[in-house]
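Reader: Could you walk me through this fold, please? I would like to see how the pieces sit together.

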Amino acid sequence: MKKGVRIVNVARGGVIDEEALVRALDSGIVAQAALDVFTKEPPSPESKLVQHENVIVTPHLGASTVEAQVCFTQQPNSKLFIISCSFLPLIPMFG
């Protein structure tokens, strides 16, 4: 892959070889990574990947937002959910 690529894994832990990702981050092949799933859940706070300065780590809670739950309950068909919720802004809708 091109040098400087950014990796995002919000699918499943184990999809990415975490040791290889650390090596790729250290070498600069991967510029940044954002992860909310890991091979071992929860990841160790001492993990080289979790501690890496070019990695953003968040809990796997994307579907637990108010916006996602409201949209999901309004759309019984999952395909409609994906289409109709793709426009949601990244700011709180309910104050």
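Author: Happy to; the model is predicted, and what follows goes from the sheet to the helix and then to the core.

Reader: In which order do the three strands of the open sheet lie?
Author: The strands pair in parallel. At the edges are β1 (5-9) and β3 (55-57), and each of these pairs on one side only. From one strand to the next the twist averages 10°. The order is therefore β1-β2-β3.

Reader: Which residue in β3 stands opposite A33?
Author: Strand β2 covers residues 30-35 and runs parallel to β3, with three bridges joining the two. Across from A33, in β3, stands V55.

Reader: What angle does the direction of helix α1 make with that of β2?
Author: Helix α1 spans residues 18-27 and packs on the sheet, where it touches β1, β2 and β3. Relative to the direction of β2, that of α1 makes an angle of about 140°.

Reader: Which element gives the most to the largest nonpolar core?
Author: That core has eleven residues, including I7, F38, L49 and V55. Two or more residues come from each of α1 and β2. With four residues, the top contributor is α1.

Reader: Which residues does V30 touch, not counting those up to four places away in sequence?
Author: V30 belongs to the largest nonpolar core, as do I7, L21, A24 and L25. Contact here means heavy atoms within 4.5 Å. With neighbours up to four places away in sequence left out, V30 touches V5, I7, L21, A24 and L25.

How values were computed. Residues numbered from 1 in each chain as written. Predicted model: local features only at pLDDT ≥ 70, side-chain atom pairs only at ≥ 80, totals over all residues. Heavy atoms only, no water. Axes fitted to C-alpha atoms, helices over the stretch in contact; angles between N-to-C directions. Core = buried A, V, L, I, M, F, W, Y, C linked by side-chain atoms within 4.5 Å. Buried < 20%, exposed > 50% of the residue type's maximum accessible area, 1.4 Å probe, protein only.
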